[in-house]
Amino acid sequence: MGSHTESKPGQIGPMLLRLVWLALAVVLVVFSGQAAQAQTVTQYSNSSDSANGGINDTSAPCTARFTRTFSVGSSFTVSDVNIAVLMSHTWRSDIRMYLVSPAGTRIQLTNEQGADADNFNLTFDDEASNAIANYVTNSVATSTTTVPPYATSYRPSSPLSGFDGQNSSGTWILEICDAVAQDFGTFYQADLYLTSAPANYADLSLTKTVNNSAPAFNGSITYTLTVTNSAASNLTSIGVTVRDLLPSGINFSSYLGTGTYNSTTGDWSVGTLAPGQSSSLTITATVAAGGGATVVNGAEITTSSVLDLDSAPGNGLSGEDDYASASITVSGTNTAGTPPALTCAAGSSLVNWDVNTWSAGLRSNSYAISGLGTVAFAVTTSGSGDPTLAGVPVTSTSLTGGAATPQNNLYLGYDFFTQSQEATVKITLPSAVPGAQFRIFDVDYGANSWADHITITGTINGASVLPTLTNGISNWISGNEAFGISGSSNTQSNGNLTVTFNSPVDTIYVSYGNHSAAPSNPQGQVIGIDDITLCKPVASISVTKVSLIISDPVNGTSFPKAIPGALVEYCILVSNTGTATLANIAANDTLPANFNYAAGTMSSGNTCATANTPEDDDGSGVDETDPFGAAIVSSSLSATASSLSASTSFALKFRGTLN
């Protein structure tokens, strides 16, 4: 991290004479949407330029940081801090920045993040939607750039909420250093925004503990949550809610405590908290994660009726005091599972990465697979900023899955910006297949670096299909998800994960990211998708016929019976129960002698319940291809469909009377 072999071309323009503002205070009054009271935001500016190109590893090394100060003469309790910076610099990821309060608290704003993008023109703000690791596009920062407003906002490396509750008075210091040789830049301006605490507030905080941090698989654990309104608060908070949605690997059993807990949503309805009052909840759960798994369970205060002094309910920031978590590591060792057999009645086809190569960096590819057709792949990533490592996806033998003779697999590598970001490989098959099976290599865990999380889903005609996952030693399974729990080297089988679809599927999705044991900004991680075995489609068809008595001459529509004169409705349902697409389907039905067909009553559709498209009684016209056809000649009724894909059906309904 932070090193590179060559700098990008950049040129710093000549210095212009500029008006210098040192610690100029501008008072802004803003209103919080959380409570009907005003808060005051005071802006302090420092626009004393550095030397031209003065931000470099020689003039501003991390052992002797470049500084700019803000002198705050007013004394008030701080409830929020933002800091904005305008600075040019080629190769943004060379830079580290810190903000230091008069009390000596030092909080890191950026830690060699931003990849090879240029310049800083942003506000560091805890409430920004994206983390600073996502700041990977160039910004404009010159001696003539006018700020504020600044071009964008990002959350800093560490939350600025660490300053909340401190006294404002004194000297605040912005520290900047260049950690890597070659590139350089110029500081132009910074603006410090201090929000004063309101006169009236409730200071809510949350704590969370677990009774056993090393439980056994299938053991019972108890989480205890306590939410407190500080005795220093001068307002009672009503409608307090805490969200603790138990993570995968932890199964809810029961709860006890104040208020109510909804295990489906994770919401604990606490109620009212007066100053100095606390409420607690205990949640008892069963451990479903495998031996060696680390599972982090986080909780946060999500609603409060009044403004909080030093946190914002529901903003998802783990550094605030309204957020708490507890971690367990399941005792014992994990055992690799045995994958189910894949049985292909008509044989199988193979996506073989030794034959079907993938050129480095492409995000999509398609291959003509013998005996099946064209299989298409598309790779996408979620969130802002592209976390894809250079040169991937690509076919590679770097990950072997434990094989003595390595073979190519589809190698995927990412440096995700956030714990929730993920990449998805979509595999679109030319037609539904009865089953599929493949391995994924290197699904594992690196302490304080990454925690692999794989989710596999499938569809058949848009309906969800879930596979069977089989774990390796370095991962455990919960439904269609796999979680890395220990390290596996590139040449080991410990990180292998086997995916098996033993039911028809036409599209497969492999989603790859991190689970809750990963840091908020994970480091680089990789997986490999091995050869994919696809069962060849099988043709199979079924026909059913059902009847419904509509009315009779005696009982009308109330409990009608099959007596002479009764009106009867029939439905013929033709279903493709195989995985091969069927073409030119024709079904015939000879009507019984005691049944008189009612002309003009035929209708068609995909099912008996939806067969409402009118069909005439002849075998010609546009209604014969919409998409189904029907005709009746004498006592013979026929139904047709030009094609029928896997797991679909068509139906024909008609009526008549019994004689």
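## Loops, cores and overall form

Pro627 sits in the loop between strand 41 (613–614) and strand 42 (628–633), where strands are DSSP runs (E) of at least two residues, numbered from the N terminus. The peptide bond from Asp626 to Pro627 is cis, with omega near -5°. The model is predicted: local features need pLDDT of at least 70 and side-chain atom pairs count only at pLDDT 80 or more, while totals for chains, interfaces and linings use all residues. Residues are numbered from 1 along each chain as its sequence is written, and side-chain values use heavy atoms, leaving out hydrogens and water.

The protein has 44 strands and zero helices (helices being DSSP runs of H or I, at least four residues). Its C-alpha trace spans about 105 × 60 × 55 Å along the principal axes. Of the 659 residues, 50% count as buried, meaning under 20% relative accessible area with a 1.4 Å probe, protein chains only.

A second cis peptide bond can be placed alongside a buried residue. Val392 and Pro393 are joined by a cis bond with omega of about 0°, and Pro393 lies in the loop between strand 22 (373–381) and strand 23 (394–396). Pro393 is one of the residues touched by Leu410, as are Trp353, Trp358 and Ile527, not counting residues up to four places away in sequence; contact means heavy atoms within 4.5 Å. Leu410 belongs to strand 24 (residues 409–414) and is buried, with a relative accessible area of 0%.

Two residues other than glycine have a positive phi, as the table shows.

| Residue | Phi | Loop between | Relative accessible area |
|---|---|---|---|
| Trp91 | about 60° | strand 4 (78–89) and strand 5 (95–100) | 15%, buried |
| Asp442 | near 70° | strand 26 (436–441) and strand 27 (445–446) | 8%, buried |

The largest nonpolar core has 41 residues, and Phe377, Ile440 and Ile454 have the most contacts inside it. Such a core is a set of buried Ala, Val, Leu, Ile, Met, Phe, Trp, Tyr and Cys residues joined through side-chain atoms within 4.5 Å. Strand 25 (residues 423–433) gives the most to this core, with six residues. A second, separate core has 32 residues, including Tyr44, Phe70, Met97 and Ile176. Beyond its neighbours within four places in sequence, Ile440 is in contact with residues including Ile454, Leu497, Val510 and Ile527. Ile527 is thus named among the contacts of Ile440 and of Leu410.
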